[in-house]
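Student: Could you take me through one part of this model up close? I'd like a single helix and whatever sits around it.

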Amino acid sequence: MKNWVKSFGSVLLAGSLIMGGIGLSGAFKGPEKAFAEDVQKNIVNVVGKGELSIKPDIVYLSIGVDTSAATAQEAQKSNGAKITKLTTLFKTTWAIADKDIQSTQFYVQPNYSYSEKEGQQIKGYNAHHTLQIAYRDLSKVGALLDAASAAGANNIGNARFAVEDSSAFEAQVIGKAMANADVKAGAIATAAKRSLGQVVTVTQSDVSNNPVYYDNMKMEAAAADSAGGTSVQPGEVKITTMLSVTYELK
């Protein structure tokens, strides 16, 4: 009898522990789940955009030479001489540093012709070499392009104007993006007859993962005077960023 009582008591004790475990589990899991659901129901997410229009302080110019000749060697040699002449011009006359002159494209390829009688035939070769020039005196960009053309450049692409060091503007443009997000979220809260609470999360949503990126400006070149000089108008570049911001709703 005593053994049976002891055993029964053990069973009761075990049952008490199990029930206690259930009670403790419910005490912790229940509120956590309820809190998570409450948070999800009481937030608003908006995207704020910040933008600054800034005068550029640097331009990147694409200046190249295309040369045709009967053989690949002749085309490459002639093209190389013209590129050397251009590079010397940039360094000496225009005081452009080595670090601001970069080859971006070079190739030599055959030129083909086709006729029913001969079929496809190689009719000489074409050599192409492009330089990217970084230049900071924006008032003289047109004159630089004219000088490059006179020295043999026959493939001049668009100019890309930019702000060389954007770090000084990052705080301003991020501040504008946050202010824009505040306005949007406030309007939504008011429309929903709620009030806006604290910021829950902020995520930088630029595809490049950089806080600032440039909208490239197109070069506008035209004959500006009787001498036929090229006029280039830099305009302004836009420095922008976007923030995804989540707010609490009260």
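Tutor: Let's go through helix 2 and then the aromatic pair by the loop that follows it. A quick note first: this is a predicted model, so local features need pLDDT of at least 70 and side-chain atom pairs count only at pLDDT 80 or more, while totals for chains, interfaces and linings use all residues. Residues are numbered from 1 along each chain as its sequence is written, and side-chain values use heavy atoms, with hydrogens and water left out.

Helices here are DSSP runs of H or I with at least four residues, strands are E runs of at least two, and both are numbered from the N terminus. Helix 2 covers residues 72–92, and its end C-alpha atoms are 30 Å apart, which agrees with the 30 Å that 21 residues should span at 1.5 Å a residue (the expected span is 1.5 Å times one less than the number of residues).

Its buried residues are Ala-75, Asn-79, Ile-83, Leu-86, Thr-87, Leu-89 and Phe-90 (buried is under 20% relative accessible area, exposed over 50%, partly exposed in between, with a 1.4 Å probe and protein chains only). They cover an arc of only 155 degrees around the axis, so they sit on the same side of helix 2 (the arc uses directions from the helix axis to the C-beta atoms). That side packs against strand 2, strand 3, strand 4 and helix 3 (contact means heavy atoms within 4.5 Å). The face turned away carries exposed Gln-73, Lys-77, Lys-85 and Thr-92.

Now the rings: the count comes to one aromatic pair (Phe, Tyr and Trp rings, six-membered for Trp, with centres within 6.5 Å; planes under 30 degrees apart are stacked, over 60 edge-to-face, the rest tilted). Trp-94 and Tyr-135 meet edge-to-face, 6.1 Å centre to centre with 80 degrees between the planes. Trp-94 lies in the loop between helix 2 and strand 3, and Tyr-135 is in strand 4, 41 residues apart. Trp-94 counts as buried at 16% relative accessibility, and Tyr-135 is buried at 7%.
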